[in-house]
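Hello,

Here is the structure I promised to pass on to you. Please open it alongside this message, and I will walk you through what turned up.

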Amino acid sequence: MEQRIVALLQGQDRAAIDLLYDHYSPALFGVILRIVQSRELAEQVLQDVFVRIWRNGHLYDAHKSKLYTWMLNIARNAAIDATRTAYFKHFRKTDDLTLLTHVPASESINPDVMDVRKMVHGLEDKYRILIEKIYFEGYTQQEIEQELNIPLGTIKTRLRAAMSALRARFDTPNAAMQALLVYVGNWIIR
Amino acid sequence: MDKQTFLASGLLEVYILGHCTPEEVRTVEAMLAKHPELHQERLAIETALEQIAIAHSEPPPLWMKGRILDRVNEIEPSTTPSTAPNSGSTLSWRWLLLVGVLALSTLLAYRAYNAASIEAQQLHTQLQACQMRDSQSALTPEQIAVLNDPDTKRYRLKWQGQAPLEKTDAQVFVNDKNGVTLLGLAQMPTAAADRDYQLWVITKGNPKPIPLKVLSPNTLTTISLEKQTYYADAEAFAISIEPKGGSTTGIPTTVLMVGKVSG
């Protein structure tokens, strides 16, 4: 599927956007929403992200990353840029952890999705905070070093440990099946 | 660096998240080139990050797809050649031939391509070189100065009674040095069609609130930051709900939020 979409995207076939939206928009929207913490802003950013994906489809290099990673980074960067105005930084209490851990309400949360969320939230604090800061808040390594007083080298090795811990949970046969179900479930809903 | 040291360092994770310095990018890409089997590890990390994203999925509103398709349809397909020239290279003979043969339409295609190419190269640099992002700001230099000034005081307005929306954030920023007051709003519940919000200031010795700006609907989309008249002797700020156009009585109709100035 990913290969088919990539071919359409790089051929500038608009059917690519249709498929991309159906398969990926909930994940992209969820990430953007978690970063900007505002529905209306997230809606704006999501549109901009799809336009950017469309415009820059010819730049995507399948050897360097998966399509999903490429799009997620576009979405994260756009969302983080939207929050990095001096105003937003002062306006939002960035040290307010309740904002960070707020889970957007869904009508019916897929239990498999909840398991993965629980896995992230179930990580040791030092791992979970790191993933949240880098992934959902766009902290650079330098910013984390300053704020949390962790040396740069430790940040990286700790991130490695955090991701390894998560992957170990994902990699159990059960978790892999669950992850697959989540993916299929999302596809069917669309 | 050997493979094990490289993997344990976490550089690969940081690379995938787009957070490394240009030097770190070079290190990672050199390792990937030298040890192609590392691509499997890269894919595994990417998949884990995808799963985190999927776990936080949220369906966009129903109107979103149509809106996006409309925007994409508005974009003219550019007649880009299949291989993009490097930024440093001169025009290839093939490109020159196209320009020569296709005259005006080629000139237009070239301009569209160039604009897209510059934007694309910028995005490419951003993604692949993992440069630190500068903070982009749509604010005026004065607003930025106020927000960054350690002497600026900040007063949060609180709902009087039950908050209709938990996430509403209303703050007044006061800088006495420069005599500037800013009102910042985020996620105010939308006022009814025949109503407006209005800001008021209560000054020392004057029990009657002074009306400040009527807050028009388009400042209440999500986040707004607007300059207000500065009062050196402000004691409190309030937001009320008024008929459209603001209070006609000179006093607030219904006060919704109040923030006291301390110190």
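Let me start with two helices of chain A. Helices H2(A) and H8(A) lie roughly perpendicular to each other, because the angle between them is about 105 degrees and angles of 65 to 115 degrees count as roughly perpendicular. Please keep in mind that this is a predicted model. H2 covers residues 15-36 and H8 covers residues 125-137, and their axes are 9 Å apart.

Which residues make the contact between H2(A) and H8(A)? From H2(A) come A:Val31, A:Arg34 and A:Ile35, while H8(A) brings A:Glu132, A:Tyr135 and A:Phe136. By character, four residues of this contact are nonpolar, two are charged and none is polar.

Next, the aromatic rings. Searching the whole structure gives three aromatic pairs over all chains. One of them involves H2(A) again: A:Tyr21 and A:Phe50 have ring centres 5.5 Å apart, and the pair is tilted because the planes stand at 45 degrees. A:Tyr21 sits in H2(A) and A:Phe50 in helix H3 (residues 39-55) of chain A, so this pair ties together parts that are 29 residues apart in sequence. Are these two residues buried or exposed? A:Tyr21 has 3% relative accessibility and counts as buried, and A:Phe50 is buried too, at 0%.

Another pair to look at is A:Tyr60 with A:Trp70, which is also tilted, with 5.4 Å from centre to centre and 55 degrees between the planes. A:Tyr60 lies in the loop between H3 and helix H4 (67-83) of chain A, and A:Trp70 lies in H4 itself, so the pair links parts of the chain that are ten residues apart. A:Tyr60 is buried at 5% relative accessible area, and A:Trp70 is buried at 6%.

Now please turn to chain B. Strand E8 (residues 234-243) is mostly covered, with eight of its ten residues buried. Which strands does E8(B) pair with? One partner is strand E5 (residues 195-203) of chain B, joined in the antiparallel sense over nine bridges. Here B:Trp200 stands opposite B:Ala238 of E8(B). E8(B) also pairs with strand E9 (residues 254-260) of chain B, again in the antiparallel sense, over six bridges. In E9(B), B:Thr254 is the bridge partner of B:Ile241.

Enjoy exploring, and do write back with any questions.

Best wishes

Conventions
Residues are numbered from 1 along each chain as its sequence is written. Chains are lettered from A and ligands numbered from 1 in the order in which they are written. This is a predicted model: local features need pLDDT of at least 70, side-chain atom pairs count only at pLDDT 80 or more; totals for chains, interfaces and linings use all residues. Side-chain values use heavy atoms; hydrogens and water are left out. Buried means under 20% relative accessible area, exposed over 50%, partly exposed in between (1.4 Å probe, protein chains only). Helices (H or I, at least four residues) and strands (E, at least two) are DSSP runs, numbered from the N terminus. Two strands pair if DSSP finds at least two bridges between them. Rings of Phe, Tyr and Trp (its six-membered ring) pair if their centres lie within 6.5 Å; planes under 30 degrees apart count as stacked, over 60 as edge-to-face and the rest as tilted. Axes are lines fitted to C-alpha atoms, for helices over the stretch in contact, and angles run from 0 to 180 degrees between N-to-C directions. Angles under 35 degrees count as roughly parallel, over 145 as roughly antiparallel, 65 to 115 as roughly perpendicular and the rest as oblique. Contact means heavy atoms within 4.5 Å. Ala, Val, Leu, Ile, Met, Phe, Trp, Tyr, Cys and Pro count as nonpolar, Asp, Glu, Lys and Arg as charged, and the others, Gly among them, as polar.
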